[in-house]
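Hi everyone, thanks for making time for this one. I'd like to walk you through a single structure, so have a look at the screen and we'll start with one small detail.

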Amino acid sequence: MRVRPLLALALVLAVAPPAAAHTSLDAMLKPYLASHGLPALAVGVAKGGTVVAAGAAGTRRVGAVLPVSTTDRFHIGSDTKAFTALLAAMLVEDNRLRWTSTVAEVFPELATTLDARLRRATLEQLLAHTSGLPADNQAFADLLARTDTQQGNLDDLRYFMVKHVGPLPPGAEPGAAFAYSNMGYITAGAMLERAGGRTWEEMVNDRILGPLRLGSAGFGAQATVGRVDAPLGHALVDGKLKAFLGGPDGDNPEVLGPAGTMHMSVLDFARWAGWNAGEGRRRPRLVAPETLRKLHTPVIGVPDRPDAPPGTPSRGLYALGWSVLSFPWAPEPLLFHGGSNGKNLAHIYVQPSRDFGMVLATNVTGPKADQALFALAETLYRRYAR
């Protein structure tokens, strides 16, 4: 008997196995809200490339009853840097760049105007924060503010910043020391844009988010202007938590993209962690396994900074877009990164040896939020990293 197409589709859907369900962690998260002053909290755990547990608790906006879910978009801040490093690896494998490509080689027209040390800085050094560029300072903030008066697309604005980075106070010799520099990642992003012929956002969308099916991922403030359709970021203002809507103060300037403007749901964030935990063993194979391992391999030690702001490296080692940290509750180091735009905070942990990853996000930042994520990470690791 011939089955009509629509009926055939219905039969297929009827017998197809349901999507794999994950364990709900909602109840586990609720106590952290009151104990650490968090408007919302969400987590995801991946094992063997599959999200096995996830949860969300709290509200999108302090003072309102707007429950969050695991499909809500959370800002991941500097956890974006691993996406930039992966895109760089893809362009290296495409032979459009080398790890040793220097700023001067990619921008020969600027070679005579840039600081001599920056001219010699390589793509790999920029991604490892060893380019010699200083950590973010007032000179960087002033240069960032100048982009508000410039015209053009985001690649034009990043080129403007590279062109004018010369006056920034000089740092160390390239390769000599670690300095956590968002300007370094903007410079790396501009190099990728010159080599790839498109904006960083376009390439991340087309070459990473699309193939990995991270459909909730995007750039900038996680909430749409005029809507509370995602957890709003919060900050203490006059001693009280204030929610920041999508708009000029919802996120850092968009030009910072390669350094940290991405958002996504914890489900997609956990899928990203799980893909990295596979170290090239699972599809889609965006780069060769040895290339992905290079991104995860430490390059330099991070000086201990107990007072480092949440979302910035405070100890351990640094690879390319990833920290490598030891924790008393884990038998071996984990790949880690924290990210914050000053109103949100996110952690990602990956352990390839156990094919394990976990992500945690909240819509406020500060020491108490950081403590909450670290404490919860221990609980999740002990339960799921077997």
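Let's begin with Gly338, whose bridge partner in E13 is His347. Before I go on, please keep in mind that this is a predicted model. That pair belongs to a wider match: strand E12, residues 334–339, and strand E13, residues 345–351, run antiparallel and are joined by five bridges.

Now zoom out to the sheet. Which order do the strands take in it? Reading across, you get E1-E3-E2-E14-E13-E12-E11-E10-E9, so to speak a walk through nine strands of an open sheet with mixed pairing. At the edges stand strand E1 (23–24) and strand E9 (300–301); each has a single partner strand, so one side of each has no neighbour in the sheet. In total, the protein chain holds 14 helices and 14 strands.

Next, the overall dimensions, which I suspect this audience will like. Along its principal axes, the C-alpha trace spans about 70 × 60 × 45 Å. Why do we say that the radius of gyration agrees with a compact globule? Because a compact globule of 386 residues would come out near 21 Å, and the protein chain has 21 Å. Buried residues, meaning those under 20% relative accessible area, account for 54% of the 386. As for contacts between residues at least 6 apart in sequence, 67% of them join residues at least 24 apart.

On to the empty space inside. Rolling a probe the size of a water molecule over the atoms shows where such space is left. How many cavities of 30 Å³ or more are there? The count comes to two.

The largest cavity holds about 110 Å³ of space. It is lined by 14 residues, and the closest to its centre are Asp115, Leu118, Leu133, Pro170 and Gly171. By class, the lining of this largest cavity has eight nonpolar, four polar and two charged residues.

The second largest cavity has about 50 Å³ of space. Its lining includes Ala221, Gln222, Ala223, Leu232 and Gly233, along with Phe244, Leu245, Gly246, Gly250 and Asn344. What classes do we find in that lining? Five residues are nonpolar, five are polar, and none is charged. For the largest cavity, remember, two charged residues are part of the lining.

That's my tour. Thanks for listening, and I'm happy to go back to any of the views.

Key
Residues numbered from 1 in each chain as written. Predicted model: local features only at pLDDT ≥ 70, side-chain atom pairs only at ≥ 80, totals over all residues. Heavy atoms only, no water. Pairing = 2+ DSSP bridges. Helix = DSSP H or I, 4+ residues; strand = E, 2+ residues; numbered from the N terminus. 1 Å grid on protein atoms, 1.4 Å probe; cavity = no way out; pocket = protein on both sides within 12 Å on 5 of 7 lines; lining within 4 Å. Points joined across faces, edges and corners; volume = space filled by probe spheres on them. Nonpolar A, V, L, I, M, F, W, Y, C, P; charged D, E, K, R; others polar. Rg over C-alpha atoms; globule rule 2.2 N^0.38 Å. Buried < 20%, exposed > 50% of the residue type's maximum accessible area, 1.4 Å probe, protein only. Contact = heavy atoms within 4.5 Å.
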